[in-house]
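Me: I would like to go through this model and ask, for some of the labels attached to it, what justifies them. Please set each value against its criterion before drawing a conclusion.

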Amino acid sequence: MMQITIDDQSGFCFGVVYAIQMAEDELDDSGTLYCLGDIVHNDLEVIRLNKKGLKIINHEDLKDLKDCKVLIRAHGEPPETYRTALENNIELIDASCPVVLKLQNRIKDSYVKQTEADAQVVIYGKHGHPEVIGLLGQTDNKAIVVFDDSDLEQIDFRKPIQLFSQTTKSMDGFYKLKSKLEMRAAEYGNYNVTANDTLCRQVSNREPHLKKFAPQFDVIVFVAGKKSSNGKVLYDVCKSVNPNSFFVSLPEEIDENWFKDAETVGICGATSTPQWLMEEIAGKIQTMKEAV
C-alpha cells in the first residue's frame, strides 16, 4: 500500500486566509462582491468563489463602477486605487496582507528620503506582479524593479541604493542580488547599498522546510496555480532536492506513470494552494494506485 503524506505546512498563508474569509463573510451577507484581480493565484479556488457570487474585475472595470463594494486582495494596491474608489463612492473591503501594508509604508518613507538624497529605491520582484504594482505606486512608479540581471542596467551604481523585496520572493535570490549590487556599486567607490530584508517569513521559512520534506519521499507532487510566483519558487526548491518532483494545478494533470515504483508520495503546495485541492489530489493518486 502506497503511503501518501500531505505537508502540514503547505497551503494558504494567513494573508490569503484572511482575504478569503472576508470575501466569504460578505458573500454570505449580500450574495455578491467585486474583487480587484484574482483573489488568489489558484484557478480552482477562484471558480469556487465565483459560484458564491464573487466577480473578478480589473482596474479599467473599477473606473466604471459606482456605489458598490470591492475587495482588495492580500497583494495590496497602489494609492491610485483608493483615489478611484473615493471618487466613485465605492466601499473598499481591504484585505491587504499586514506584511504587505507594512512594506508599502517602508518603501513610501524610503522613497521620500531617497528622493531628497538623490538616491534610488530598488525592488526585487516580478514585473507586473500585483504586489509589485502596489509597491511601485508608493514611489510614483519611479522605483526600479529588478527581476534578473538584465534589469541591473537601469541602476546608477554611483548613487546610494535602498533595496527592498516583494514579500514572496526567494531568500536566496534576494541575498544574491544584494551581493551583486554591492559589487557593482563598489566598482564606483560607492559603498552606500542598504538591503532591507522584507521577505515574508511565513513564505521564506517554507523553503528550508521543503528542503527537508521533499527528499523523504519517492515522489513529490507540488500543487499550485500556474500564475503563482511563490509556487514556481517553492516547486524549484522541491525539484532541487528531489528530481522526482512534479508540478500540477489540476487533479487531471496527474500521470500514473510517476508512481510506478513509488512506495511513498509527498504532496505540498504554495501559499495560494487550498487544502481541499491537495486532499483531492491525494485521493486521485490513491484511486489510481488501487485501480492498478
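Reply: Contact here means heavy atoms within 4.5 Å. In this predicted model, helix H9 (residues 206-213) lies across S1, S10 and strand S12 (264-269), and runs at about 170 degrees to S12. H10 also packs on the sheet, where it touches S10, S11 and S12, and its direction makes about 160 degrees with that of S11.

Me: What makes strand S1 (3-6) and strand S11 (245-248) the edges of the sheet?

Reply: The open sheet has four strands in the order S1-S12-S10-S11, paired in parallel. Strand S1 and strand S11 each have a single partner strand, so one side of each is left without a neighbour in the sheet.

Me: How do you know that S10 and S11 pair?

Reply: Pairing requires at least two bridges, and S10 and S11 are joined in the parallel sense over four bridges; because the requirement is at least two, they count as paired. Ile220, for instance, has Ser245 in S11 as its bridge partner.

Me: Why is Ser228 called buried?

Reply: Buried means under 20% relative accessible area, and Ser228 has 3% relative accessibility, so Ser228 counts as buried. Ser228 is placed in the loop between strand S10 (219-223) and helix H10 (229-241).

Me: What makes the link between the side chains of Ser228 and Ser272 a polar contact?

Reply: The cut-off for a pair of N or O atoms is 3.5 Å, and the contact joining these side chains of Ser228 and Ser272 is 3.3 Å, so the distance criterion is met. The side chain of Ser228 also reaches the backbone nitrogen of Gly231 at 2.8 Å.

Conventions
Residues are numbered from 1 along each chain as its sequence is written. This is a predicted model: local features need pLDDT of at least 70, side-chain atom pairs count only at pLDDT 80 or more; totals for chains, interfaces and linings use all residues. Side-chain values use heavy atoms; hydrogens and water are left out. Buried means under 20% relative accessible area, exposed over 50%, partly exposed in between (1.4 Å probe, protein chains only). A polar contact is a pair of N or O atoms within 3.5 Å; within protein, one must be able to donate a hydrogen and the other to accept it, and residues adjacent in sequence count only if both atoms are side-chain atoms. Axes are lines fitted to C-alpha atoms, for helices over the stretch in contact, and angles run from 0 to 180 degrees between N-to-C directions.
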